[in-house]
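Visitor: I am new to reading protein models, and I would like a close look at the enclosed spaces inside this one. Could you take me through them slowly?

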Amino acid sequence: MSQNKAQLENWCYLACLLEATARKPGNVHPGVSFPDLMYVDFLRSARAIAPLLPQSEPGRIGETILNCITATRDVSASNSNLGMVLLLAPLLAIPNELTISAGIESVLEGLSVADARLVYEAIRVACPGGLGETETQDILDEPTGTLREVMALAAERDAVAREYASGFEITLQTAVPALQDFWNQSSDWETAVIRLQLMLMAACPDTLIARKCGRAEAEEAARRARETLQAEDFESSLQGLDRWLRETGNRRNPGTTADLIVAALFVALRDGFIKPPAPATIRKKVPPPFQAELSSLIYEG
């Protein structure tokens, strides 16, 4: 397979746009904001990082991550995409002639201490929520291990870090196959993305919820997601899950699940597991006030 940088940029943008636009329970989308984060932040952030991510390559992954987070800070005051960028940068560094599954292990093994140092700086710039006291102190220190090694230390408490340690096991073995199935079964792309969110929450309790609210709360969110997937009245159950997730503001926001969805969408688009939606089907999901924020990338082939 051969993808030029314009194609990669397009797929990066589409992955971010589709995830942000789908009206997933508990997340920001065109109809719901958090006090410190709005849908427009995701649109602007996606437009900012899409041209930068294709510059990722072995030896420049940490640099690419920092550049993306710095560019995001120029368009959004909140952390809208740190987890997404952390997942996408190594995926973009895989040579064009290899599939993601064939190339990811070599890329992860090649990560360096310099990559870790730049990623620590990016995390400090992003100021993500949900970091505990020990984690915050770790980020304030200088890393002594490679980026993969330091990610492995956080793998138990963070699913993004776990992907680095496991060779993107959740993305490649769980999320992408499920996305492909939902994509083929669903009447539109939004339904497929929503069902993927529920499946991931059920299979892998969201680690952002766990860090903010405790493991028991993340397990309860997983149970409710599983019930919704199996519900006879899917729409009613989905609305009930959404209300429960929003009861405490953004504390039950399944944000790490959203990051995994972006990674799965990119892999599925890049390696041909799904076809990009027709531009008109994307545009109609974006309310008129946000239309001006859309990138022209969604209209390219």
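Guide: Happily; we will begin with the whole chain, go on to the cavities, and end with a pocket and the core. Please keep in mind that this is a predicted model.

The protein chain has 301 residues, and 55% of them count as buried. Its secondary structure comes to 16 helices and zero strands, so helices are what you will meet at each stop. Along the principal axes, the C-alpha atoms fill a box of roughly 50 × 45 × 35 Å. A compact globule with 301 residues would have a radius of gyration near 19 Å, and the chain's 18 Å agrees with that. The contacts tell you about the fold as well: among those between residues at least 6 apart in sequence, 72% join residues at least 24 apart.

Now for the enclosed spaces you asked about. The count comes to two cavities of 30 Å³ or more. The largest cavity has a volume of about 40 Å³. Its lining is made of Cys16, Glu19, Phe42, Ser45, Ala46, Ile49, Ser80, Asn81 and Met84. Two elements, α1 (5-21) and α2 (39-49), each give two or more residues to this lining, and α2 gives the most, with four. By class, the lining of the largest cavity divides into five nonpolar, three polar and one charged.

Let us pause at one of these lining residues, Ser45. It lies in helix α2. Ser45 has a relative accessible area of 2%, and because buried means under 20%, Ser45 counts as buried. Leaving out residues up to four places away in sequence, Ser45 touches Thr72, Val75, Ser76, Ser80 and Asn81. Try picking out Ser80 and Asn81 on your screen: these two contacts of Ser45 also belong to the lining of the largest cavity.

They turn up again at the next stop. The second largest cavity holds about 40 Å³ of space, and it is lined by Ile69, Thr72, Arg73, Ser78, Asn79, Ser80, Asn81 and Ala126. Thr72, which Ser45 touches, is in this list too. Helix α3 (residues 61-75) supplies the largest share of the lining, three residues. Here the classes come to two nonpolar, five polar and one charged.

For a contrast with enclosed spaces, look at an open one. The second largest pocket has a volume of about 230 Å³. Fourteen residues line this pocket, and Arg23, Glu190, Ile194, Glu235 and Leu238 lie nearest its centre. The elements giving two or more residues to that lining are α11 (189-203) and α14 (234-246), with the largest share, five residues, coming from α14. The lining of the pocket has four nonpolar, three polar and seven charged residues.

Last comes the core. In soluble globular proteins, nonpolar side chains tend to be buried together. In this model, the largest nonpolar core has 102 residues, and those touching the most other members are Ile65, Trp183, Leu196, Leu265 and Phe266. Take Ile65 as your example: setting aside neighbours within four places in sequence, Ile65 is in contact with Val85, Leu86, Ala89, Val119, Ala122 and Tyr164.

Note on methods: Residues numbered from 1 in each chain as written. Predicted model: local features only at pLDDT ≥ 70, side-chain atom pairs only at ≥ 80, totals over all residues. Heavy atoms only, no water. Core = buried A, V, L, I, M, F, W, Y, C linked by side-chain atoms within 4.5 Å. Buried < 20%, exposed > 50% of the residue type's maximum accessible area, 1.4 Å probe, protein only. Contact = heavy atoms within 4.5 Å. 1 Å grid on protein atoms, 1.4 Å probe; cavity = no way out; pocket = protein on both sides within 12 Å on 5 of 7 lines; lining within 4 Å. Points joined across faces, edges and corners; volume = space filled by probe spheres on them. Nonpolar A, V, L, I, M, F, W, Y, C, P; charged D, E, K, R; others polar. Rg over C-alpha atoms; globule rule 2.2 N^0.38 Å.
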